[in-house]
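Welcome! Please take a moment to look over the sequence and the model before reading on.

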Amino acid sequence: MTAVAAASVSRVAMAALPEPVLMDKPDTAPPLHPGSGRPYNPVVTLNGWTLPWRMNNGVKEFHLVAEPVVREIAPGMRAHLWGYNGQSPGPTIEVVEGDRVRVFVTNKLPEHTTIHWHGQRLPNGMDGVGGLNQKAIPVGKTFVYEFVARRPGTFMYHPHADEMTQMAMGMMGFWVTHPKAKHPLISEVQRDFCFLLNAYDIDPGSATPKIGTMTDCNLWTWNSRAFPGIDSFNVRLNDKVRIRVGNLTMTNHPIHLHGHEFVVTGSDGGPWPVAARAPEVTTDVAVGQMRQLEFLADEEGDWALHCHKSHHTMNAMGHNVPTMIGVDHTGLVKKLQKLMPDYMVMGERGMADMGEMEMPIPDNTLPMMTGTGPYGPLEMGGMFTTLKVRKGQKPGDYSDPGWYQQPSGTQAVEWAGTVPTAQRQAAPAAPAAPVELQVVKPNSHKHH
Ligand SMILES: [Cu+2]
């Protein structure tokens with residue numbers, strides 16, 4: 001079987017390859033409805049796209065090109081990353097359970113690479129660990145992977161060669177295998193989104209990530225985008241929504257949704273038994289894990305959806321900022337400005353001023369807290385976006401409906417009446433007599 005498969009693979013590789021398709025925009029592409037092969041309900045990749053394929057004698061053929069790319073992280077900042085077919089992450093690959101899939105991988109990087117198909121059942125020689133399952137793909141060469149997508153689910157792909165460099169540079173992509181028929185543990189949804197958690201350490205004013213950084217990254221991104229560059233999830237009121245998330249950073253991310261409860265219905269291990277599901281509003285996605293969140297979008301509005309680690313909702317943050325809260329700078333500023341004309345006070349009342357401050361920052365650098373909503377600065381960056389639930393959103397319409405208008409009487413407003421002064425609760429009475437403590441000291445170690 002293996003020998004036959006290998007022979008047929010090399011014959012195909014000698015024949016014409018599907019022409020690679022490149023993407024030049026970081027926008028969320030509309031769903032790619034299958035024009036050939038078996039039907040399915042496509043996903044929408046957040047600030048990403050699905051790779052077109054061709055059918056060749058019943059085999060679904062894709063062509064990935066590993067290459068240096070320029071990715072806009074958010075308007076105003078472009079990063080020099082490595083990715084696939086023009087973007088980082090690479091395009092999403094969508095197939096159907098039982099499909100025979102052939103993926104051509106052309107290496108246009110300055111060093112060798114491989115692709116590991118994370119979570120898949122496949123022949124050992126297709127698993128993509130360089131040195132273990134195959135020789136690494138040399139610079140300028142094309143390798144071909146071929147296997148049957150045996151089980152439906154949520155997967156990803158990434159290099160398994162010089163991994164630390166290549167993943168820190170943005171090489172990764174999503175893979176969805178749709179069920180071939182109605183599946184008892186996979187529900188049908190109206191909106192099916194997917195994205196990868198990734199992170200970069202790019203010095204302010206520069207464009208190339210520092211690849212040695214493990215967890216002290218300064219750009220926390222979803223599909224290599226940071227807020228306000230991350231698109232919103234736009235859904236129709238009462239849509240069933242699935243959001244698939246994979247984590248290829250080196251730390252965990254508690255993903256938190258406002259206004260709704262979701263259940264985690266599956267992972268890259270497959271759909272979860274119903275008895276293993278519980279309602280949550282935050283779920284932790286650990287390193288290398290994938291999670292499928294599902295919920296009924298039955299509350300209209302603009303709901304925050306973000307990582308709950310607060311430093312992951314910030315951009316290009318300095319790591320050595322002292323806490324200045326409560327420090328009185330009165331009189332000090334003028335004195336200091338004589339020595340340093342640009343000196344300014346930061347953080348004396350908290351960091352909220354940073355949201356509005358127009359501080360000179362180097363070119364190609366995102367402000368730390370940024371993004372403006374209908375009521376002012378959001379003071380957010382990084383792994384943050386919104387779920388926009390609207391009655392008027394048409395089925396299949398993924399466009400941004402704009403900001404939500406709260407119906408009158410349903411929004412927090414300033415209290416117009418008087419505010420009573422706080423009364424201190426009476427201090428508890430002192431104990432009548434001092435409490436005596438009897439301490440028994442061990443006199444030997446024999447009981448230890
Ligand atoms: Cu996080």
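What follows is a short walk from a metal site to a buried charge and then to the surface.

This is a predicted model, in which local features need pLDDT of at least 70 and side-chain atom pairs count only at pLDDT 80 or more, while totals for chains, interfaces and linings use all residues. Residues are numbered from 1 along each chain as its sequence is written, and side-chain values use heavy atoms, with hydrogens and water left out.

Let us start at the copper ion. Its protein donors (N, O and S atoms within 2.8 Å of the metal, or 3.2 Å for Na, K and Ca) are His253 (ND1), Cys307 (SG) and His312 (ND1), lying 2.0 Å from the ion. Along the chain, these donors follow the spacing H-x53-C-x4-H. Histidine 253 in strand β15 (residues 253-257) and histidine 312 in the loop between β21 (301-307) and α3 (332-339) are 59 residues apart, so this pair links distant parts of the chain. Strands are DSSP runs of E with at least two residues, and helices are runs of H or I with at least four, numbered from the N terminus. Both histidine 253 and histidine 312 are buried, meaning under 20% relative accessible area, where over 50% is exposed and in between is partly exposed (1.4 Å probe, protein chains only).

Now find glutamate 97, in the loop between β5 (93-96) and β6 (100-107). Glutamate 97 is buried yet has no salt bridge, that is, no side-chain nitrogen of Lys or Arg within 4 Å of a carboxyl oxygen of Asp or Glu. The nearest side chain of opposite charge, lysine 180, is 4.3 Å away.

Finally, turn to methionine 164 in helix α2 (residues 163-168). Methionine 164 counts as partly exposed because its relative accessibility is 41%.

Terms used. Lys, Arg positive; Asp, Glu negative; His and termini not counted.
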